[in-house]
There are 2 protein chains.
Amino acid sequence: MANNQELDALFQNLADPTRRAILARLAHGPATVTDLAAPFDMALPSFLQHLRKLEDGGLIETTKQGRIRTCTLRVGALAPARTWMEEQRLLWEGRHDRLEDYLATLTKGPDDHG
Amino acid sequence: MANNQELDALFQNLADPTRRAILARLAHGPATVTDLAAPFDMALPSFLQHLRKLEDGGLIETTKQGRIRTCTLRVGALAPARTWMEEQRLLWEGRHDRLEDYLATLTKGPDDHG
DNA sequence: CTGATTGTTAGCCATGAGACTAACTATCAT
DNA sequence: ATGATAGTTAGTCTCATGGCTAACAATCAG
């Protein structure tokens, strides 16, 4: 099971549309900073902050060669998030059995003014 | 495909450990505000803000009966997030074919200081 | 060396998140 | 009515986020 803080950072990273778009674009293959930044109506330094967050969160890797920095997706970085969601779904499904049971206790309560 | 803003709010909601814990707890069945709040070392108003965020984000539903507010999970609320991740994964896997190709272009570059 | 390209750093600013206390409302029990 | 219980509202505080400009560093082309 992933650490709480890891999930915090992961979901936090995914909570931004710019960063999700970056990931989606990188999914098609590596790209340079300038190429990545082009579609966004945003100053470069602002954009770099997003890249840094993604890198800090382990979602991408970057390497610099000359003045060109190339960004690559870190496949598998999303795994902890998927795992958490899967756990949730299993719990929810397990709960279905008990739902009817719970509803029964409600109608048996001392007062239902409907 | 889910809207960007919907995903923003969804992932933002999941980026907090308190809120994830609330969801995990609710996965076992509905609970009242006080019951939910008990395990957290946090003032009630602070806790309520989390509940409100979850409700605003459509992750939970709440109903009040007398002075008791009962919170319930909204099953399926996580679906857009799961869908986005699944899309990502498909893209990544599709990319694998082209990875070797890409690496080939690198080694053919003007300079590899390896 | 000069200048363009590519990225980086530093510093500023507005906003929102997430916590708190204090005071309040509404319900239930007696 | 009184008081306890359950939740709410209002207002404050601090810090992180995400944007900007301006200036800088480093590399490549000529």
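**Protein surfaces around DNA strands C and D**

In this predicted model, DNA strand C is surrounded by 22 residues, of which A:T34, A:R67, A:R69, B:S46 and B:H50 are the closest. Of the strand C atoms that lie within 4 Å of the protein, 70% are part of sugar or phosphate, while the rest are part of bases. Both kinds of contact can be followed in the polar pairs: an N or O atom in the side chain of A:R67 is 2.6 Å from a base oxygen of DNA strand C, whereas an N or O atom in the side chain of B:R19 is 3.0 Å from a phosphate oxygen, and a backbone N or O atom of B:A43 is 2.9 Å from a phosphate oxygen of that strand. The elements giving two or more residues to the surface near strand C are α3 (33-37), α4 and β3 (68-73) of chain A, together with α4 of chain B, and α4(B) gives the most, with 5 residues.

Turning to DNA strand D, the nearest of its 22 surrounding residues are A:S46, A:H50, B:T34, B:R67 and B:R69, and sugar and phosphate make up 70% of the strand D atoms that come within 4 Å of the protein. A polar side-chain atom of A:S46 is placed 2.5 Å from a phosphate oxygen of DNA strand D; for a polar side-chain atom of B:R52 the distance to a phosphate oxygen is 3.1 Å, and for a backbone N or O atom of B:V33 it is 3.5 Å. Two or more residues each come from α4 (44-56) of chain A and from α3 (33-37), α4 (44-56) and β3 (68-73) of chain B, with α4(A) supplying the largest share, 5 residues. By residue class, the surface near strand D comprises 8 nonpolar, 6 polar and 8 charged residues.

Notes:
Residues are numbered from 1 along each chain as its sequence is written. Chains are lettered from A and ligands numbered from 1 in the order in which they are written. This is a predicted model: local features need pLDDT of at least 70, side-chain atom pairs count only at pLDDT 80 or more; totals for chains, interfaces and linings use all residues. Side-chain values use heavy atoms; hydrogens and water are left out. A residue is near a molecule or strand if one of its heavy atoms lies within 4 Å of it. A polar contact is a pair of N or O atoms within 3.5 Å; within protein, one must be able to donate a hydrogen and the other to accept it, and residues adjacent in sequence count only if both atoms are side-chain atoms. Helices (H or I, at least four residues) and strands (E, at least two) are DSSP runs, numbered from the N terminus. Ala, Val, Leu, Ile, Met, Phe, Trp, Tyr, Cys and Pro count as nonpolar, Asp, Glu, Lys and Arg as charged, and the others, Gly among them, as polar.
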